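Please open the model in your viewer and keep the sequence panel visible beside it. The tour below proceeds by selections, and each stop states what is to be found there.

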Amino acid sequence: MFLFHLFALALSTFSALPSSLAQDASSLVGTWSSGSRNVVTGAGFANPLNQTFIFPKTTGMSYSFSSDGFYEIARYRFTGNPAQPNCITGVMNFAHGTYTLQSNGSITMIPFGDGYQQVQDTCAAVSPVIDFFNTTELYVSWNTVQDATDGMLLNLFNFDGTPVPRLYLVSTEPNMLPTRSLTNSSVELTRRKRDVEGSSGMGLFARMAGALGVS
Ligand SMILES: *[C@@H]1O[C@H](CO)[C@@H](O)[C@H](O)[C@H]1NC(C)=O
Ligand SMILES: *[C@@H]1O[C@H](CO)[C@@H](O)[C@H](O)[C@H]1NC(C)=O
Ligand SMILES: *[C@@H]1O[C@H](CO)[C@@H](O)[C@H](O)[C@H]1NC(C)=O
C-alpha cells in the first residue's frame, strides 16, 4: 500500500513536468543568447550589406525566432590551432531565413542565401577570410524551461543530438534584421565570381565547425 502511494506520487510529479517543459511554438518566439549574453542577433552583430561584423565583448551564440516563421542566428567562436598552439582562430557567422517546427519535434531552418562568415587567425598576416554561408540546419529537438534563477531557457539539440549551449531569453521580441535576403548587387557579383572559381563557403565552415563543435 505504501509502495503504491509512493508510485502514485512519483507518477503525479512526473505528469506535472510538461507544464514547465514546453514545446509550443509561442514559447520559442523571442531573442535567445548563450553564456554572458554578449552575442545578440540583429544590427548590433552583422551588416550583410557590406558583409562586416561588429565584434561582441565575448564569444557566444544567439538565435531569434518570430511568430511568423523567421529565424536569425549570430555565432562567434574561438578555436585553437593544433599546429600553432599560441594562435587562435575566431569565427563570426551570420544566417537568417525561415524555420519550420516539424511534427517529429525537430526544427528545420532554411537560409535566405545571404549568410556569411569571417574566419580570422590571430597569427596570420593576411586579412580575415569572408565567405558565404548557406547551410540548411536541422535541430532534432528543443524545449523551453522556466528556471527559478535564470528565467526562460531554450534547449536546442543539433542534428547529431549534441546540445547547443544553454540559451537565455534576452528579449520576448525577436531582434532581427529585415526578414529577406539583404545582399546587395556588388556582394552578389563577388559571390557569382567565387562560385565560378569553385570556392565553397559552406565547405570552409564545415571544416571550421568540425574543429569548433558548431553546427
Ligand atoms: C558597413 O556598413 C555599416 C552599416 O552601414 C557601417 O557602419 C560600416 O562602417 C561599414 N563597414 C565597412 C567596412 O564598409
Ligand atoms: C524529423 O523531420 C525532419 C524534417 O522532415 C527530418 O529531416 C528528420 O530526419 C526527422 N528526424 C527523425 C529523427 O526522424
Ligand atoms: C540557399 O539555400 C537554400 C536552401 O537550400 C536554397 O533554396 C537557396 O537557393 C540557396 N541560396 C543561394 C544563394 O545559394
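In which strand does N158 lie? Select N158: the residue belongs to strand β12, which covers residues 151–158. Please bear in mind throughout that this is a predicted model.

**First stop: N158**

Keep N158 selected and consider its surroundings. Its relative accessibility is 6%, and because buried means under 20%, N158 counts as buried. Now add W142 to the selection and draw a distance between the two C-alpha atoms. N158 and W142 are 16 residues apart along the chain, and their C-alpha atoms are separated by 9.2 Å.

**The whole chain**

Zoom out and display the chain as a cartoon. The secondary structure comes to four helices and 13 strands. Of the 215 residues of the chain, 41% count as buried. If you switch on a surface, you will see what the chain exposes: about 11,300 Å², of which carbon and sulfur atoms supply 60%.

How many of the contacts between residues at least 6 apart in sequence join residues at least 24 apart? The share is 62%.

**Strand β6 and its partners**

Select residues 70–80, which form strand β6. Is this strand enclosed or open? Eight of the eleven residues of β6 are buried, so the strand is largely enclosed by the rest of the structure.

Next, add residues 60–65, which make up strand β5. Strands β5 and β6 pair in the antiparallel sense, over six bridges. To see one position in this pairing, select S62 and A74: S62 stands opposite A74 of β6. Then follow the chain through the hairpin that links β5 and β6, where four residues lie between the strands. Stop at G69 in this hairpin, which takes a positive phi near 95°.

Now hide β5 and show residues 88–101, which are strand β7. The pairing of β6 with β7 is also described as antiparallel, and it runs over eleven bridges. Here a position to select is I73, which stands opposite A95 in β7.

**R75 and its polar contacts**

Remain in strand β6 and select R75, which has its place there. Is R75 buried or exposed? With a relative accessibility of 1%, R75 counts as buried.

Display the side chains of R75, N93 and E137 as sticks. The R75 side chain makes a polar contact with the side chain of N93, at 2.8 Å. A polar contact at 2.8 Å is also present between the side chains of R75 and E137.

**The disulfide**

Select the cysteines C87 and C123. A disulfide joins this pair, with a distance of 2.0 Å from S to S. The count for the model comes to one disulfide. The angle about the S-S bond is -105°, and the link of C87 and C123 is left-handed.

What does this link tie together? C87 lies in the loop between β6 and β7, whereas C123 lies in the loop between β9 (116–121) and β10 (129–132), so the pair ties together parts that are 36 residues apart in sequence. The two ends of the link are also classed separately by their accessibility. C87 counts as buried at 1%, whereas C123 counts as partly exposed at 38%.

**Y168**

Move along the chain to Y168, in strand β13 (residues 167–171). Y168 has a relative accessible area of 14% and is buried. Select its contacts, leaving aside neighbours within four places in sequence: they are T31, W32, S33, S34, G35, R37, D150, M152 and L153. Then select Y63 as well. Y63 is 105 residues away from Y168 along the chain, and the C-alpha atoms of the two are separated by 9.9 Å.

**The two ligands**

Finish with the ligands. Which residues are around ligand 1? They are N47, N50 and T52. The protein covers 28% of the 360 Å² of accessible area that ligand 1 has on its own. Zoom in on N50, where a polar side-chain atom lies 2.4 Å from an oxygen atom of ligand 1.

For ligand 2, select Q102, N104 and S106, the residues around it. Of the 370 Å² of accessible area that ligand 2 has on its own, the protein covers 37%. At N104, an N or O atom of the side chain is 2.4 Å from an oxygen atom of ligand 2.

Methods: Residues numbered from 1 in each chain as written. Chains lettered and ligands numbered in written order. Predicted model: local features only at pLDDT ≥ 70, side-chain atom pairs only at ≥ 80, totals over all residues. Heavy atoms only, no water. Helix = DSSP H or I, 4+ residues; strand = E, 2+ residues; numbered from the N terminus. Buried < 20%, exposed > 50% of the residue type's maximum accessible area, 1.4 Å probe, protein only. Contact = heavy atoms within 4.5 Å. Near = heavy atom within 4 Å. Polar contact = N/O pair within 3.5 Å; in protein donor to acceptor, adjacent residues only side chain to side chain. Areas by Shrake-Rupley, 256 points an atom, 1.4 Å probe, with all protein chains shown as cover. Disulfide = S-S within 2.5 Å. Pairing = 2+ DSSP bridges.
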